[in-house]
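Hi,

Here is the structure I promised to send over. Have a look at it first, and my notes on what turned up are underneath.

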Amino acid sequence: MPSSNAPLDLLLLPSWIVPVEPAGVVLRDHALGIRDGRIALLAPRDVALRVEARERRELPGMLLAPGLINAHGHAAMTLFRGLADDLPLMTWLQEHIWPAEAKWVDETFVRDGTELAVAEQIKGGISCFSDMYFFPAQSSAAIHAAGIKAQLAIPVLDFPIPGASDASEAIRRGVELFSDLKHHPRIRVAFGPHAPYSVSDDKLENIRMLAEELDAGIHMHVQETAFEVQQSLELRGERPMARLARLGLLGPRFQAVHMTQVDDADLALLVESNSNVIHCPESNLKLASGYCPVERLWQAGVNVAIGTDGAASNNDLDLLGETRTAALLAKTVAGSASALDAHRALRMATLNGARALGIDQDTGSLELGKAADLVAFDLSGLAQQPVYDPVSTLIYATGRDAVRHLWVDGRQLLDDGRLTRLDEERLVATACAWGERIGGR
C-alpha cells in the first residue's frame, strides 16, 4: 500500500507486471501506482482499484517492465548508419569512420544525431542509455530536452578529436561538464577512455584519480578483438586487462565494453575487482570481433549488462532485439540451451544495466520507492499467441514495434507509440539532409 494518503498521480493496470527484482517473478492481475515520479504502489488489481488515483489507465494484453537500459552506444553516430558496412573493425575505424568524423563531426552534427538516437531509443522502450561521443555538452542538451536518462562518457584518446585538441583538453572539458551536471536528476557524467590501445598510461592514471575523486564511472572498450590482445602482448608484454588492473582502473565503477576475449586470468580480475562487463553482441557479430562468454561471466558472479553500440556498426539501437540476440548467442557459446534464459536476459537489459552505470538504487526494477521508469509492451498480437510465459514471449517472439508506452520518472515520453516531446517528422527530415551531404548526393 502507498506510504501517503495523497492520491496517486497514475494507476496502471496491465495484464502482466515483471518487476525483475525479485528475479523470475511475473505478477498477473496486479497494478502499479505512480506518485511524484516514483513507484508508490504495487498490489493486486482488486486492492489497487480501492486506492484513489487522479488517472487510471487500462493496459490490456500488455506487459509492464522496467524501462530498458542501453549500457553502451555512440548516439550521434546514427548519422553514419550504413556508411561503411561489412568491414572488419580496424579497417572500418581507421579507413572510414575516423576520416568521416574528422570531416563531418561538429556541434550541430552531434546535436542532430543525438536527437535522432534518443527518439529511436524511446520508441524502442529505452529509458536510459550510455553515450560515448564527441561534444558531450551538445548531447547533454538534447538529452535534457527529451526527458530521457543517460550516462555521458567523456571520450579520451591520445590524438586530437572533434572538440578537444588532445587527451588533456578532453579530460579538462569532462571535469567541467561533470561540475555543470553534478546535480542533474537524469544525467550522469563518466570518463570514457576509448580503448587500451588508444590511451597512454599517464592519461589512464589521471582518469583513475579523477574518477575516484568525483565518484565517476570509467567506460572503456576493452579486449574487443583477438588482434587487440595480441598487439598488447607484443608491445607491452601483458594483456589489456592485466595492464588496466596494474594501473588501478578496475573496480565497481569500471565498465568494460565488449570483452570478447576472456581467459582465466581476465575472469579472475573481473571477479576480484567487481568490475562490470557490457555485452554488444550484434556489433561484435557484424564486425566479426568475437563472442563475449556471457554465461561463463554470469556464473562467476560478474555483472553483465547489454548495449547496442553505435548505429554505424549495428545498425540499429534496438535493445530488445539485441537482448534476443544475446540470449541466442549465449546458448551457442556456452553449448547449453539453458544458458541466459529469457528472465535473465531481461534482467541484463534492465537491472544489470542500472548496476553497471551505478544507478541501480534508483532504477532498473519495479520496486516501491524507485523511479517510475517503465515500458509497456503489447503482447496481444497474432505473432505473440498463445502466451505461456510472457517474458519468454517478449524476448523470443516480440519486436520493438510492440512498445506502446514509456515513462521516465513518471513522465510519459511515448504514448501509444507516439513521441510526446520530439517531432519525428522533423528528425527524419534532418537525418535525410545529413545523409545527402555526407553521401555526396
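**What turned up**

Searching the whole structure gives 32 salt bridges. Keep in mind as you read that this is a predicted model. In general, oppositely charged side chains can pair when their charged atoms come close. One pair to click on is Arg81 with Glu120, whose side chains form a salt bridge at 3.0 Å, N to O. That pair ties together distant parts of the chain, 39 residues apart: Arg81 sits in the loop between β6 (68–70) and α2 (89–104), while Glu120 belongs to helix α3 (residues 107–123).

Next, two helix pairs. Helix α5 (residues 167–181) packs with helix α6 (residues 201–214) at about 10°, and their axes are 11 Å apart. Angles under 35 degrees count as roughly parallel, so α5 is roughly parallel to α6. On the α5 side the contact uses Ala167, Ser168, Ile171, Val175 and Phe178, and on the α6 side Lys203, Asn206, Ile207, Leu210 and Leu214. Sorted by class, that contact has 7 nonpolar, 2 polar and 1 charged residues.

The other pair is helix α12 (residues 319–334) with helix α15 (residues 390–397), which pack at about 95° with axes 8 Å apart. That angle makes α12 roughly perpendicular to α15. From α12, Leu320, Thr323, Arg324, Ala327, Leu328 and Lys331 meet Leu394, Ile395 and Tyr396 of α15. Here the split is 6 nonpolar, 1 polar and 2 charged.

Is there anything inside? What I can give you is 1 cavity of 30 Å³ or more from a search of the whole structure. The largest cavity holds about 30 Å³ of space, and its lining is Asn70, Gly73, His74, Ala75, Gln121, Phe129, Thr308, Asp309 and Leu317. By class that lining comes to 3 nonpolar, 5 polar and 1 charged residues.

Finally, some backbone details to check. Most peptide bonds are trans, and most residues other than glycine have a negative phi. Asn314 and Asn315, however, are joined by a cis peptide bond with omega at about 25°, and Asn315 lies in the loop between β13 (303–306) and α12. Another cis bond joins Gln385 to Pro386, with omega at about -10°; Pro386 is in the loop between β14 (374–378) and α15. Then there is Asp29, which is not a glycine yet has a positive phi of about 55°. You'll find Asp29 in the loop between β2 (27–28) and β3 (30–35).

Cheers

Methods
Residues are numbered from 1 along each chain as its sequence is written. This is a predicted model: local features need pLDDT of at least 70, side-chain atom pairs count only at pLDDT 80 or more; totals for chains, interfaces and linings use all residues. Side-chain values use heavy atoms; hydrogens and water are left out. On a 1 Å grid over the protein atoms alone, a cavity is a set of points where a 1.4 Å probe fits but cannot get out, and a pocket is an open set with protein on both sides within 12 Å along at least five of seven lines; lining residues have an atom within 4 Å of a point. Grid points are joined across faces, edges and corners, and a volume is the space filled by probe spheres set on the points. Ala, Val, Leu, Ile, Met, Phe, Trp, Tyr, Cys and Pro count as nonpolar, Asp, Glu, Lys and Arg as charged, and the others, Gly among them, as polar. Axes are lines fitted to C-alpha atoms, for helices over the stretch in contact, and angles run from 0 to 180 degrees between N-to-C directions. Helices (H or I, at least four residues) and strands (E, at least two) are DSSP runs, numbered from the N terminus. Angles under 35 degrees count as roughly parallel, over 145 as roughly antiparallel, 65 to 115 as roughly perpendicular and the rest as oblique. Contact means heavy atoms within 4.5 Å. A salt bridge is a side-chain nitrogen of Lys or Arg within 4 Å of a carboxyl oxygen of Asp or Glu.
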